[in-house]
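Subject: A structure to look through

Dear colleague,

I am passing on a structure that I would like you to read through slowly, with the sequence beside it. Please open it first, and then go on to the notes underneath.

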Amino acid sequence: MIVDEERKSMGWEERIWGYTGADGMIQAFAAGYFLWDLQICLRYLGIFGPGLLMHAVAALIVFSLGF
């Protein structure tokens with residue numbers, strides 16, 4: 001973050017509400033992880049239970065809304 005030229009040119013509001021390519025990549029990795037997590041929770045529902053299934057669904061929704 002210190003050497004990121006794109007962030008250096010942003011004001012404080014843009015740093016909070018702005019969007020950069022690096023931010024999108026990190027969100028895509030997180031959404032991909034929670035998509036995988038949802039698949040595993042569905043496959044092994046008997047082991048993990050409905051609580052972890054709902055956590056996977058909620059996390060996927062939250063990280064998908066960031067795009």
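The notes below start with the whole chain and then turn to its helices and to single residues.

Please keep in mind throughout that this is a predicted model. The protein chain has four helices and zero strands, and along the sequence this gives the pattern α-α-α-α. Its radius of gyration is 16 Å, well over the 11 Å that the globule rule gives for 67 residues, so the chain is more spread out than a compact globule. Along the principal axes, the C-alpha atoms fill a box of roughly 50 × 20 × 15 Å. Buried residues account for 25% of the 67 residues, and among the contacts with a separation of 6 or more, 39% join residues that are 24 or more positions apart.

Helix H3 is a good place to look next. This helix has 23 residues and spans 33 Å from its first C-alpha to its last, close to the 33 Å expected at 1.5 Å a residue. Its buried residues include Gly24, Gln27, Ala30, Phe34, Leu38 and Cys41, and the buried residues of H3 pack against H4.

Which residues make up the largest nonpolar core? The seven are Phe34, Leu38, Cys41, Leu53, Ala56, Ala59 and Leu60; the elements that give two or more residues to this core are H3 and helix H4, which covers residues 45-65, and the largest share, four residues, comes from H4. In soluble globular proteins, nonpolar side chains tend to be buried together. If you want to follow one member of the core by eye, leucine 38 touches Leu53, Ala56, Val57 and Leu60, once residues up to four places away in sequence are set aside.

The aromatic residues deserve a separate look, since a pair of aromatic rings is described by the distance of the centres and the angle of the planes. The structure holds three aromatic pairs. In one of them, the rings of tyrosine 33 and phenylalanine 34 have centres 5.1 Å apart and planes at 70°, and because an angle over 60 degrees counts as edge-to-face, that is how this pair is classed. Tyrosine 33 also pairs with tryptophan 36, in a tilted arrangement with 5.7 Å from centre to centre and 40° between the planes; these two residues both lie in helix H3, three residues apart, which is about one turn of the helix. Phenylalanine 34 is buried, with a relative accessible area of 13%, whereas tyrosine 33 is partly exposed at 44% and tryptophan 36 is partly exposed at 45%. Ring pairs link Tyr33, Phe34, Trp36 and Phe63 into a cluster.

Two residues from the earlier part of the chain complete these notes. Is threonine 20 buried or exposed? Threonine 20 lies in the loop between helix H2 (12-17) and helix H3 (21-43), and with a relative accessible area of 4%, which is under 20%, it counts as buried. Its side chain makes a polar contact of 3.1 Å with the side chain of aspartate 23, and, leaving aside neighbours within four places in sequence, threonine 20 is in contact with Glu6 and Met10. Lysine 8, in helix H1 (residues 5-8), is partly exposed at 49% relative accessibility, and with the same kind of neighbours left aside, lysine 8 is in contact with Ile2 and Arg15.

With best wishes

Technical notes: Residues numbered from 1 in each chain as written. Predicted model: local features only at pLDDT ≥ 70, side-chain atom pairs only at ≥ 80, totals over all residues. Heavy atoms only, no water. Buried < 20%, exposed > 50% of the residue type's maximum accessible area, 1.4 Å probe, protein only. Contact = heavy atoms within 4.5 Å. Polar contact = N/O pair within 3.5 Å; in protein donor to acceptor, adjacent residues only side chain to side chain. Core = buried A, V, L, I, M, F, W, Y, C linked by side-chain atoms within 4.5 Å. Expected span 1.5 Å × (residues − 1). Phe/Tyr/Trp six-rings, centres within 6.5 Å; stacked < 30°, edge-to-face > 60°. Rg over C-alpha atoms; globule rule 2.2 N^0.38 Å.
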